[in-house]
Amino acid sequence: MFDYQTPAQHRRETSDSTAINEPQASNNKYQRVLEYFKANEPYQTALKQDGISFSEVQRIFKEQISDFDYKKQGFSQWKKFLNSVIQGTEFEIVKSGSNNSIAKLKIG
């Protein structure tokens, strides 16, 4: 099981002095991107079926948030950042593919 943290929790627990202290408004930006997926096709259907690939999710985050960079939030990996953003939501990360090597975002 994943240890879920919000970006703010992660920053407080990270000793990396390069982490940027971002206002609560950023969390709202991330939630708006999740809502974008739920409201727009083809993402709306994909979320309920096979899921959306990590690369596509990251592309949309960058498209919707002009200065987006998960590393500036103190995360070394995209998956850890996304886990923190979806904590407490209906979204989940699932594995697919012949050997479960492909991670996707899906609504549970």
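These exercises work through the backbone and surface of a predicted model.

**Exercise 1. Layout**

Task: State how many helices and strands the protein has, and give the order of its elements.

Solution:
- Count the elements: there are five helices and three strands.
- Read from the N terminus: the order is α-α-α-β-α-α-β-β.

**Exercise 2. Burial, surface and contacts**

Task: Find what share of the residues is buried, what share of the accessible surface belongs to carbon and sulfur atoms, and what share of the contacts links residues 24 or more positions apart.

Solution:
- Apply the cut-off of under 20% relative accessible area for buried residues. Of the 108 residues, 40% pass.
- Take the accessible surface, about 6,500 Å². Carbon and sulfur atoms hold 45% of that area.
- Keep contacts with a separation of 6 or more. Pairs 24 or more positions apart supply 52% of them.

**Exercise 3. A cis peptide bond**

Task: Determine whether the bond from Glu 41 to Pro 42 is cis or trans, and locate Pro 42.

Solution:
- Check omega: the value is near 5°. The bond from Glu 41 to Pro 42 is cis.
- Place the residue: Pro 42 sits in the loop that joins helix H2 (25–39) to helix H3 (43–48).

**Exercise 4. A positive phi**

Task: Give the sign of phi at Asn 100, then the loop and the exposure of this residue.

Solution:
- Read phi: Asn 100 is not a glycine, yet its phi is positive, about 55°.
- Locate Asn 100: the loop runs between strand E2 (91–96) and strand E3 (102–107).
- Read its relative accessible area: 47%. Exposed would need over 50% and buried under 20%, so a value in between is partly exposed. Asn 100 is therefore partly exposed.

Notes
Residues are numbered from 1 along each chain as its sequence is written. This is a predicted model: local features need pLDDT of at least 70, side-chain atom pairs count only at pLDDT 80 or more; totals for chains, interfaces and linings use all residues. Side-chain values use heavy atoms; hydrogens and water are left out. Helices (H or I, at least four residues) and strands (E, at least two) are DSSP runs, numbered from the N terminus. Buried means under 20% relative accessible area, exposed over 50%, partly exposed in between (1.4 Å probe, protein chains only). Contact means heavy atoms within 4.5 Å. Accessible areas come from the Shrake-Rupley method with a 1.4 Å probe; for residues, only the protein chains shown count as cover.
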